Amino acid sequence: MSTGQNNKLRLPAEWEPVDAVLMAWPHGNTDWAYMLDEVRQTYIAIISAISERAKVVLIGPELPDDSVFPPECRTENIIRLAMPTNDTWTRDYGPLTVADGEGKLTFRDYIFNGWGQKFASNHDNMTTARLHTELLDGNYSNELDFVLEGGSIESDGNGLILTTATCLLAPNRNDKTDQYGIETRLMQDFGARKVLWLKHGQLAGDDTDGHVDTLARLAPPGDVIFYTGCSDPDDEHYAELCAMRSELESFTTVHGTPFNLVELPLPDPVYDPEDGSRLPATYANFLIVNGAVLLPTYGQPMKDMMAEQLIQTAMPEYEIITIDCKSLVRQHGSLHCATMQLPVGALRECLNSTY
């Protein structure tokens, strides 16, 4: 845990108003090729839900026309932008957008190296620069000396960053940078005043090295954390998730007050039908967008309902929209991983209209 200050900048919280959400359409040259039709149906459901509340910036080398979406989808809110992509996890290669004291936006472009050089990323790593050229309204900041993925950090919009040591300190990211160096960079780039490090909790099947958005999520007004729990002592995650809960109980906000912790259930084990490996299904991988929470579900009625009720109770002013994400988790990600918010003011005026 560390504190610092750069009050001129801040990384807006996810629950702040957005112009749009960035997504990438699955295509035949991605790892989705073997189940393309199935995963596209999931993307259609997510895009349709977002289009009621914000624009969707949809990228990819091949893009769907309006006919693939249901009649109720507000296709006029879909901005299509053709560009090559390696994969669809825009959370980790889309822009990390910061605001200065006057609200001016800067789109920070970090290295995306395929989660530690595990997968090809040459096209995805060009996305932020291409987006800035085509449609983003604000400054472009080249940060290509530093590896950072959007799913690895959480912000309360007020100077607090929550992250995990297993990811940010992994040798396959910034191997010459220690914890102090990482914290210094987060404070410099995002105006962070306090950095909280989780050292426990990585899920089986998670090839991101423990992204925080599968484990613990900040929520409005900023003193709430939803976290993945485990009540089954026989589950392989039990000890690690209990240790993570103890860490969260010790954390405090930038004001020094304890967080209100809300434990989300761990879904029953979900296994890959191809190789039998356990997949990192988690309810923490939700998206907050303009007054709604898009919650991933996994065909487990009792636990799906429990997660929905827990979030609704803690966020009563938000609409909870459940989306079946059994297909997404087949490639070791879920709903939040497939999206990246673009705050109000991010789109050029000619592209931004009322919804």
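## A hairpin to start with

How many bridges join β6 to strand β7, and do they run parallel or antiparallel? There are four bridges between β6 and β7 (residues 105-111), and the two strands run antiparallel. Keep in mind as you look around that this is a predicted model.

The hairpin of β6 and β7 has four residues between the strands. One residue to pick out here is Gly103, which takes a positive phi near 90 degrees. If you want a way into the pairing itself, go to Ala99: its bridge partner in β7 is Leu105.

## The sheet around β6

Now step back from the hairpin to the sheet. Four strands make up an open sheet, and the order across it is β2-β6-β7-β8. The pairing is mixed. At the edges sit β2 and β8 (139-147), each of which pairs on one side only.

Take the β2 side next. Strand β2 (residues 9-10) is joined to β6 by two bridges, and this pair runs antiparallel. Ala99 turns up again here, as the bridge partner of Arg10 in β6. So far as burial goes, β6 (residues 96-100) has four of its five residues buried, so the strand is largely enclosed by the rest of the structure.

On the other side, β7 and β8 are joined by six bridges and run parallel. To find your place in that pair, look for Thr106, which stands opposite Asn139 in β8. One general point helps when you trace these strands by eye: in a regular strand, side chains alternate between the two faces of the sheet.

## The chain as a whole

What does the secondary structure of the whole protein chain come to? The tally is eight helices and 20 strands. The radius of gyration is 19 Å, close to the 20 Å that the globule rule gives for 355 residues, so the chain is as compact as a globular protein of that length. Along its principal axes, the C-alpha trace spans about 50 × 45 × 40 Å.

Of the 355 residues, 60% count as buried. Looking at contacts with a separation of 6 or more, 74% of them come from residues 24 or more positions apart. The accessible surface of the chain is about 13800 Å², and carbon and sulfur atoms account for 48% of that. As for charge, the chain has 25 positive and 52 negative charges, and the mean positions of the two sets are 5 Å apart.

## Backbone oddities in the loops

A few spots in the loops deserve a look. Pro220 and Pro221 are joined by a cis peptide bond, with omega at about 5 degrees. Pro221 lies in the loop between β12 (216-219) and β13 (224-228).

Then there are two residues with positive phi that are not glycines. Asp209 has a phi of about 70 degrees, and you'll find Asp209 in the loop between β11 (194-198) and β12. Is Asp209 buried or exposed? Its relative accessibility is 16%, so Asp209 counts as buried, the cut-off being under 20%.

Asn290 has a positive phi as well, near 45 degrees. Look for Asn290 in the loop between β17 (287-289) and β18 (292-297). With a relative accessible area of 26%, Asn290 is partly exposed.

Definitions and conventions
Residues are numbered from 1 along each chain as its sequence is written. This is a predicted model: local features need pLDDT of at least 70, side-chain atom pairs count only at pLDDT 80 or more; totals for chains, interfaces and linings use all residues. Side-chain values use heavy atoms; hydrogens and water are left out. The radius of gyration is taken over C-alpha atoms; the globule rule is 2.2 Å times the number of residues to the power 0.38. Buried means under 20% relative accessible area, exposed over 50%, partly exposed in between (1.4 Å probe, protein chains only). Contact means heavy atoms within 4.5 Å. Accessible areas come from the Shrake-Rupley method with a 1.4 Å probe; for residues, only the protein chains shown count as cover. Lys and Arg count as positive and Asp and Glu as negative; His and the chain ends are not counted. The place of a charge is taken as NZ of Lys, CZ of Arg, CG of Asp or CD of Glu. Two strands pair if DSSP finds at least two bridges between them.
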